[in-house]
Amino acid sequence: MPDLLIELFSEEIPARMQARAAEDLKKRMTDALVEAGLTYGGAAGFATPRRLALAVEGLLATSPTTREERKGPRVDAPEKAIEGFLRGAGVTRDQLEVRDEKKGQVYYATITRPGRPAAEIVAEELEKIIRNFPWPKSMRWGAGSLRWVRPLHSILCILTDEMGEATVVDLEIDGIPAGNTTQGHRFMGEGAFAVSSFDDYRAKLRRDHVVLEAQERADHIWQDAGNQAFAAGLELVEDPGLLAEVSGLVEWPVVLMGQIGEDFLGLPGEVLQTSMREHQKFFSVRNPKTGRIERFVTVANVETADHGATILAGNQKVLSARLSDAKFFWENDLRLVRDKGLAGMAEGLSEVTFHNKLGSQAARIARIEALSRDLAPALGADVDMVGLAATVAKADLQSEMVYEFPELQGLMGRYYAEAEGLAPEIAAACEEHYSPLGPSDAAPTGAVSVAVALADKLDTLTGFWAIDEKPTGSKDPFALRRAGLGVIRIILANDLRLSLGQFVDAQLLRQKITLHRHKASSGEIDTLEEVVEEIADHGVFGAAFHAVMERLKAQDKAPEAGDGSVLNGVETSLPELSVDLLAFLHDRLKVHLRDEGIRHDVIDACLVMPRADDLTLLVKRAQALGAFLGSEDGENLLQGFKRANNILTQAEEKDGVEYSYGADAKFAESDEEKAIFAALDAAEPEIARALEAEDFAAAMAVMAGLRPAVDAFFEAVQINTDNQVLRRNRLNLLNRIRATCLQVADLTRIEG
Amino acid sequence: MAQTNGKPRSFQEIILRLQTYWAGQGCAMMQPYDMEVGAGTFHPATTLRSLGSKPWAAAYVQPSRRPTDGRYGENPNRLQHYYQYQVLIKPSPPNLQDLYLGSLKAIGIDMDLHDIRFVEDDWESPTLGAWGLGWEVWCDGMEVSQFTYFQQVGGHDCAPVSGELTYGLERLAMYVLGVDHVMDMPFNDPAAPIPLSYGDVFRQTEQEYSRWNFDIANTEVLLRHFEEAEAECEAILSHPYEDPKTGQRIVMVHPAYDQCIKASHLFNLLDARGVISVTERQAYIGRVRALAKKCADAFVQTEAGGYAA
């Protein structure tokens with residue numbers, strides 16, 4: 001059983017693509033071998049900057065011979081049919097066998113497919129794999145047409161038998177023949193060498209300064225860097241992403257630790273770390289006592305006669321140039337903040353376009369400020385502090401530091417707000433208003449941060465809704481789904497009680513004002529601005545709009561609002577946008593709650609209830625219903641409801657009327673009928689009290705308690721009696737039961 | 001005369017050694033293009049010659065201008081006018097990486113002491129409608145060159161593929177010479193009768209251009225020139241290939257491409273003056289790209305571009 005070794009040797013493969021490529025080579029080759037009938041013992045893929053390799057051990061030397069028996073025509077069939085069969089089966093007539101069957105004598109052919117040597121199959125499949133390799137980006141070079149991630153220089157492909165005898169697989173792709181040679185390190189290798197097996201390959205690579213396994217390179221870097229830091233009384237700052245990348249940039253890792261110039265140690269640690277990681281791919285080394293970053297670790301690809309002194313000096317010099325830039329930015333930013341404050345820094349934002357339809361960053365900040373002020377009272381935050389926080393929260397976008405390192409946005413805002421001496425809540429809001437950015441990022445909890453964070457996200461959502469740039473399918477270029485989930489997570493994490501609809505309406509209207517400011521008449525904009533102010537009083541846009549228009553009409557100051565006017569356009573489009581955006585948020589909430597184990601039908605039953613724009617209430621209801629349905633009482637509630645509802649619905653459909661006229665206890669005949677009136681009379685105030693207190697579990701417990709009375713009623717009383725007065729009264733009674741139960745959730749939507 | 005071994009001693013010696021090295025590798029030693037460009041890639045010896053099927057090998061120094069990088073000669077590393085060294089070989093030879101490493105040795109970088117790395121960096125020029133794959137080359141953590149295999153230029157697939165090397169000469173020289181501020185770098189041999197530093201040659205011009213680029217350049221004039229260059233480029237290319245006077249087929253690619261280069265530089269100047277908004281930027285870049293594409297379309301209709309009657 002031979003072993004297979006493949007190496008594809010090329011110019012430097014991007015670090016980020018190596019691991020995936022090694023895995024793809026392994027998967028595609030082993031799948032193809034198995035498909036061709038070649039089973040194997042084990043396989044492993046490898047990648048370094050200059051090579052992809054695959055070792056397969058215990059491969060079958062030849063694929064098994066297969067036999068297939070095929071039934072043909074009868075012996076007396078027309079000649080043409082028999083010839084057709086021979087052609088199809090690829091056999092001659094004398095190879096056919098005649099068997100007696102019930103219907104007469106029939107021809108049979110046995111088709112034998114002889115096994116093929118492994119080398120032949122490997123050659124065929126490897127060529128296909130190379131030609132169709134799934135690189136994220138590939139290229140051509142020279143005058144050839146082959147595509148690879150970077151120019152492919154050589155192919156090593158050998159089969160090694162049990163005696164250790166290696167044979168080159170006969171293969172040539174675009175003028176590159178497969179062979180049994182490769183080379184080691186670009187600078188420390190001794191040139192080309194031949195290999196006879198995987199062990200030989202691995203050992204000779206190591207001799208020529210190449211560590212084949214990425215994990216071994218990473219382990220070496222991590223341990224050596226950790227040891228050097230420890231020896232200096234320091235500790236390495238963990239960075240798995242950087243470690244993986246650096247392991248893909250070297251074949252022979254040489255770890256060197258260097259000093260950061262004294263001048264730069266006063267920079268914020270995040271700035272040092274970001275600059276070193278992004279520009280130089282350096283690890284940071286921290287003083288565990290002070291938490292300050294004091295040194296760096298770089299990983300070279302070569303051992304030198306001076307033990308890396310020249311390399312380290314060069315790296316230090318480059319780092320100094322980079323950090324001089326960072327220090328220059330930091331000092332300029334601080335000077336600006338001390339002179340003019342963050343508000344001064346934010347000035348230029350009126351020149352920065354947020355989106356060509358949605359105006360400048362300054363316009364956006366003004367909208368966020370207005371909304372965050374609206375939100376502040378409901379969050380128990382100081383309105384003016386929230387307003388100030390909103391106006392300065394994005395000022396750092398104008399800082400030189402964030403221009404250079406966009407990933408430091410928010411964090412620099414916090415530093416600069418602290419430098420200006422702004423309240424800690426405001427400094428925190430500068431950083432936290434972007435949160436939550438992903439599943440691992442927590443939602444903010446400080447009231448000021450919460451107000452600005454919510455306003456920021458709602459402004460983004462309403463803005464893109466207003467210009468009809470909603471996410472579709474896999475396309476979500478403005479990360480609106482993330483913004484929607486952010487709104488939900490902030491509300492739920494803080495147990496916020498907000499009628500979201502009102503704030504969505506107000507912000508949609510602000511977006512419309514931005515959009516129409518230049519084409520609408522000033523009277524129209526003034527009117528809309530009045531409406532924004534009044535939405536809070538009326539709860540929704542529509543009512544506020546009508547109130548303002550009525551008042552203006554009464555004063556004879558109402559602008560023209562006929563067809564084609566901006567006012568008319570806003571009046572008709574805004575409520576639809578608002579409903580649509582809330583539905584989007586509800587969809588995101590469904591996804592979020594499903595991940596938390598709440599059934600989709602339970603959520604659906606709660607979404608249609610009043611005040612569904614209060615997400616905390618909605619979730620409370622859904623959680624209570626979900627828990628309740630799992631209990632015996634829940635089963636009682638559901639069955640009692642369903643029984644009443646089924647009979648009533650059938651009758652309503654048959655009669656074409658809705659039985660919503662109150663039932664009258666005086667028509668109750670039997671004790672059971674009287675009992676249910678009494679039970680309802682007793683239950684209803686209790687349910688109302690529980691609902692008032694938002695104690696959904698208690699309300700449902702009371703409803704569940706009705707079941708014995710309901711069951712007894714159905715046992716004793718025939719609903720569809722001939723007496724129409726009695727029948728109507730009983731149907732109206734069922735309606736009373738149904739209506740009572742529907743107060744907690746739309747139980748008709750519950751499955752099972 | 002430039003020494004051929006040991007450490008170079010001046011900025012110009014590094015240039016001379018690169019010239020000697022690449023001449024020795026068979027490249028045509030071109031001279032800088034006589035127009036203002038943002039990078040060596042704009043030289044027709046690269047942009048246009050990377051198109052079509054004809055083999056090509058050229059190397060040259062190209063003065064490059066990036067008005068927004070002006071720092072009045074004060075920043076140790078940033079200049080609004082600097083030099084690039086450019087090599088273009090088509091088809092890219094299989095040993096191009098080795099040839100490149102040879103050029104580093106030629107300017108005194110000892111491979112036994114330094115750490116040379118090829119770090120992924122895909123190149124794209126939105127104004128030229130061009131892209132390629134390759135690396136930035138690091139020497140001891142510093143980027144010393146761009147190494148690119150051109151895949152597309154002016155919207156045309158490159159076949160064969162050109163290999164392009166770009167050295168940022170000031171930065172590379174500062175590293176090799178051990179200088180911390182570009183203005184302190186010896187321009188000629190420090191032992192020469194009249195030793196000149198980079199600052200002696202360029203400090204004043206950096207100040208002058210920084211002031212003009214940022215505050216003085218007449219934006220209305222620049223804008224008009226942009227429009228004119230754009231119109232002229234299109235007008236030139238709209239003429240029939242056959243010249244009525246000589247009766248010959250003469251496609252006027254280079255005169256049209258000069259207008260494209262002009263438009264590109266005028267855009268850079270307008271950008272430095274801060275009169276182009278973020279949204280307008282994309283539109284301007286698109287306009288220059290449209291010109292570059294038309295020039296590329298026309299070039300492949302010429303003999304140098306592989307056209308055969």
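Biologist: What area is buried between domain 1 of chain B and domain 2 of chain B?

Modeller: In this predicted model, about 1,900 Å² is buried between domain 1 of chain B and domain 2 of chain B, and carbon and sulfur atoms give 73% of that area. By class, the side of domain 1 of chain B that touches domain 2 of chain B has 11 nonpolar, 7 polar and 3 charged residues.

Biologist: Where are those domains in chain B?

Modeller: The domain assignment places domain 1 at 11-211 and domain 2 at 218-299. Domain 1 of chain B and domain 2 of chain B each bring 21 residues to the contact. Their C-alpha centres are 25 Å apart.

Biologist: How many salt bridges and polar contacts are there between these two domains?

Modeller: The count of salt bridges between domain 1 of chain B and domain 2 of chain B is 0. There are 6 residue pairs in polar contact across that interface.

Biologist: Now the two chains. How many residues of chain B and chain A are in contact?

Modeller: The contact joins 40 residues of chain B to 41 residues of chain A. Between them, chain B and chain A bury about 3,300 Å², with 53% of it on carbon and sulfur atoms.

Biologist: Which residues of chain B lose the most area to chain A?

Modeller: They are B:Leu113, B:Arg117 and B:Glu120, which together account for 17% of what the chain B side buries.

Biologist: How many salt bridges are there between chain B and chain A?

Modeller: The count is 4 salt bridges. One of them joins the side chains of B:Asp122 and A:Arg150, at 3.4 Å from N to O. There are also 17 residue pairs in polar contact between chain B and chain A.

Biologist: Which elements of chain B supply at least two residues each to that side?

Modeller: Helix H3 (96-106), strand S4 (116-120), strand S6 (130-139), strand S7 (142-153) and helix H8 (278-299) of chain B do so. S4(B) gives the most, with 5 residues. By class, the side of chain B that touches chain A has 20 nonpolar, 10 polar and 10 charged residues.

Biologist: A different topic: which peptide bonds in chain B are cis?

Modeller: Among them are the bond from B:Lys90 to B:Pro91, with omega near -10°, and the bond from B:Ala159 to B:Pro160, with omega near 0°. B:Pro91 lies in the loop between strand S3 (81-90) and H3 of chain B. B:Pro160 is in the loop between strand S8 (156-157) and strand S9 (163-168) of chain B.

Biologist: And what is phi at B:Tyr72 and A:Ala479?

Modeller: Phi is near 60° for B:Tyr72 and near 55° for A:Ala479. Most residues other than glycine have a negative phi. B:Tyr72 is found in the loop between strand S2 (56-65) and S3 of chain B, while A:Ala479 is in the loop between helix H14 (447-466) and helix H15 (480-493) of chain A.

Biologist: Why does B:Tyr72 count as partly exposed?

Modeller: B:Tyr72 counts as partly exposed because its relative accessibility is 31%, which falls between the limits of 20% and 50%. A:Ala479, at 26%, is also partly exposed.

Biologist: Lastly, is A:Lys394 buried or exposed?

Modeller: A:Lys394 is buried, because its relative accessibility is 5%, under the 20% limit. The residue lies in the loop between helix H10 (383-392) and helix H11 (400-404) of chain A.

Biologist: What does the side chain of A:Lys394 make a polar contact with?

Modeller: The partner is the side chain of A:Asp456, at 3.3 Å. A:Lys394 also touches other residues, including A:Leu349, A:Arg364, A:His433 and A:Tyr434.

Notes: Residues are numbered from 1 along each chain as its sequence is written. Chains are lettered from A and ligands numbered from 1 in the order in which they are written. This is a predicted model: local features need pLDDT of at least 70, side-chain atom pairs count only at pLDDT 80 or more; totals for chains, interfaces and linings use all residues. Side-chain values use heavy atoms; hydrogens and water are left out. Helices (H or I, at least four residues) and strands (E, at least two) are DSSP runs, numbered from the N terminus. Buried means under 20% relative accessible area, exposed over 50%, partly exposed in between (1.4 Å probe, protein chains only). A polar contact is a pair of N or O atoms within 3.5 Å; within protein, one must be able to donate a hydrogen and the other to accept it, and residues adjacent in sequence count only if both atoms are side-chain atoms. Contact means heavy atoms within 4.5 Å. Domain bounds come from an automatic or database domain assignment. Buried area is the accessible area (1.4 Å probe) that two parts lose on being put together, summed over both. Ala, Val, Leu, Ile, Met, Phe, Trp, Tyr, Cys and Pro count as nonpolar, Asp, Glu, Lys and Arg as charged, and the others, Gly among them, as polar. Lists of a residue's contacts leave out its neighbours within four places in sequence.
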